[in-house]
Amino acid sequence: MTHPRDWLCVRAEGLYCAPGDFFVDPLRPVARAVITHAHSDHARAGHGAVLATAETLALMQTRMGESLAGTALQALAPGERVTLNGATVRLHPAGHVLGSAQVAIEHGGGRAVVSGDYKRAADPTCASFEPVTCDVFITEATFGLPVFTHPPAEREAAKLLDSLRLFPERAHLVGCYALGKTQRLIAVLRELGYDDPIYLHGALIPVCDTYERLGVRLGALLPVAGTAQGEMAGRIVLAPPSALGDRWSRRLPDPVTVMASGWMRVRQRAKARGVELPLVISDHADWPELLATFDDVGAPEVWVTHGEESALIHAAEQRGLVGRALRLIGYGEAAEEEAA
Ligand SMILES: [Zn+2]
Ligand SMILES: [Zn+2]
């Protein structure tokens, strides 16, 4: 067997598979990219060719539009195998957002899995993470500290409904990322029996439309634009986090400021953003999920792309695994938000 460390390496452009001559989620324009999901820190413009799931390609088209002109797009179904030069590639669900996939790369009898971003908790808007055994598992570590444990999303979403009952005269303004968090929160609210229209900031509408077009039912969604002052009393209004404090929100009657993010576990973050009702809802694996995933994939070696890598690598080593920090700069939730 050839070991993935002999054919998978970090270059300035990102993680590179030499026998396949392609990059996974490259940070700079390359000739051939395999892309795990449509968040802007992973799916960037300017590549010659992109291989991804059909959902990821559709979401990239929604978000990036014209900047994808000139890029050859190739869809790969989950589990389907494709040969790229001297390597074979398969995509497996990552459970992060709609279309998100882990990239399993095989060469010379060795197998590496690049997970991109992932979570293990249930999400009605996307396929669940599928563990794939491998020689090297490449993981994120966004929440790679033992303090990060995410409660069930339903429990957090129920707090929003409780607050609506308590303050029926106030709008409930929820900051959530445009791709993934917004649709998951809506779907969980629907599962909890909330059937009223949910109001959207204009920046969230295109991605919700694409989810609907791809078969994810979100119920009645209406734009906030054009509604009368005061009409949003007792309503749920979703907006990108960047819109929480700006002029836009002043039209809402006495809004309760809500934020849905894994970072809401950190009280100071909620306070700094003026968040009255923090909801700990994350689309990234928490600490127990990261460790459970190491057990499930059975890889003797774990490489960490970004996030809180030291604690996670230490925990991997305590389990008898070889841990390695790749220190890829440019991934992270802040980068995801910027483009939203
Ligand atoms: Zn992501
Ligand atoms: Zn990311």
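User: In this predicted model, what share of the accessible surface of the chain belongs to carbon and sulfur atoms?
Analyst: The model is a predicted one. The accessible surface of the chain amounts to about 13300 Å². The part of this surface that belongs to carbon and sulfur atoms is 51%.

User: What radius of gyration does the chain have, and what would a compact globule have?
Analyst: The C-alpha atoms fill a box of roughly 65 × 45 × 30 Å along the principal axes. For 340 residues, a compact globule would have a radius of gyration near 20 Å. The chain agrees with this value, since its own radius of gyration is 20 Å.

User: What percentage of the residues in the chain are buried?
Analyst: A residue counts as buried when its relative accessible area is under 20%. Of the 340 residues in the chain, the buried ones make up 58%.

User: How many helices and strands does the chain contain, and in which order do the strands of the open sheet of six strands stand?
Analyst: The secondary structure of the chain comes to eight helices and 19 strands. Six strands form an open sheet with mixed pairing. The order of these strands is 1-2-3-4-5-6.

User: Which strands stand at the edges of that sheet?
Analyst: A strand at an edge has a single partner strand, so one side of it is left without a neighbour in the sheet. The twist from one strand to the next averages 30°. The two edge strands are strand 1 (8-11) and strand 6 (72-75).

User: Do strand 4 and strand 5 run parallel or antiparallel, and which residue stands opposite Val34?
Analyst: Strands of a sheet pair through backbone hydrogen bonds, either parallel or antiparallel. Strand 4 (residues 32-34) and strand 5 (residues 49-52) are joined by three bridges and run parallel. Opposite Val34, in strand 5, stands Leu51.

User: What covers the buried residues of helix 1?
Analyst: Helix 1 spans residues 54-64, and its buried residues are Thr56, Leu57, Ala58, Leu59, Met60 and Met64. Just after this helix, Gly65 takes a positive phi of about 45°. The cover over the buried residues of helix 1 includes strand 5, strand 6 and helix 4 (205-213).

User: How far apart in sequence are the parts tied together by Glu106 and Arg81?
Analyst: The structure holds 17 salt bridges, and one of them joins the side chains of Glu106 and Arg81 at 3.6 Å, N to O. Glu106 lies in strand 9 (residues 101-107) and Arg81 in strand 7 (residues 81-84), so the pair ties together parts that are 25 residues apart in sequence.

User: Where do Asp296 and Arg120 lie, and how far apart in sequence are the parts that the pair ties together?
Analyst: Asp296 forms a salt bridge with Arg120, with the closest N and O atoms 3.0 Å apart. Asp296 lies in helix 6 (residues 287-297), and Arg120 lies in the loop between strand 10 (110-114) and strand 11 (136-141). The pair therefore ties together parts separated in sequence by 176 residues.

User: Is Arg165 buried or exposed?
Analyst: Arg165 forms a salt bridge with Asp162, the closest N and O atoms being 2.8 Å apart. Both residues lie in helix 2 (residues 153-166), three residues apart, about one turn of the helix. Asp162 is partly exposed, with a relative accessible area of 42%. Because its relative accessibility is 60%, Arg165 counts as exposed.

Key:
Residues are numbered from 1 along each chain as its sequence is written. Chains are lettered from A and ligands numbered from 1 in the order in which they are written. This is a predicted model: local features need pLDDT of at least 70, side-chain atom pairs count only at pLDDT 80 or more; totals for chains, interfaces and linings use all residues. Side-chain values use heavy atoms; hydrogens and water are left out. Two strands pair if DSSP finds at least two bridges between them. Helices (H or I, at least four residues) and strands (E, at least two) are DSSP runs, numbered from the N terminus. Axes are lines fitted to C-alpha atoms, for helices over the stretch in contact, and angles run from 0 to 180 degrees between N-to-C directions. The radius of gyration is taken over C-alpha atoms; the globule rule is 2.2 Å times the number of residues to the power 0.38. Buried means under 20% relative accessible area, exposed over 50%, partly exposed in between (1.4 Å probe, protein chains only). Accessible areas come from the Shrake-Rupley method with a 1.4 Å probe; for residues, only the protein chains shown count as cover. Contact means heavy atoms within 4.5 Å. A salt bridge is a side-chain nitrogen of Lys or Arg within 4 Å of a carboxyl oxygen of Asp or Glu.
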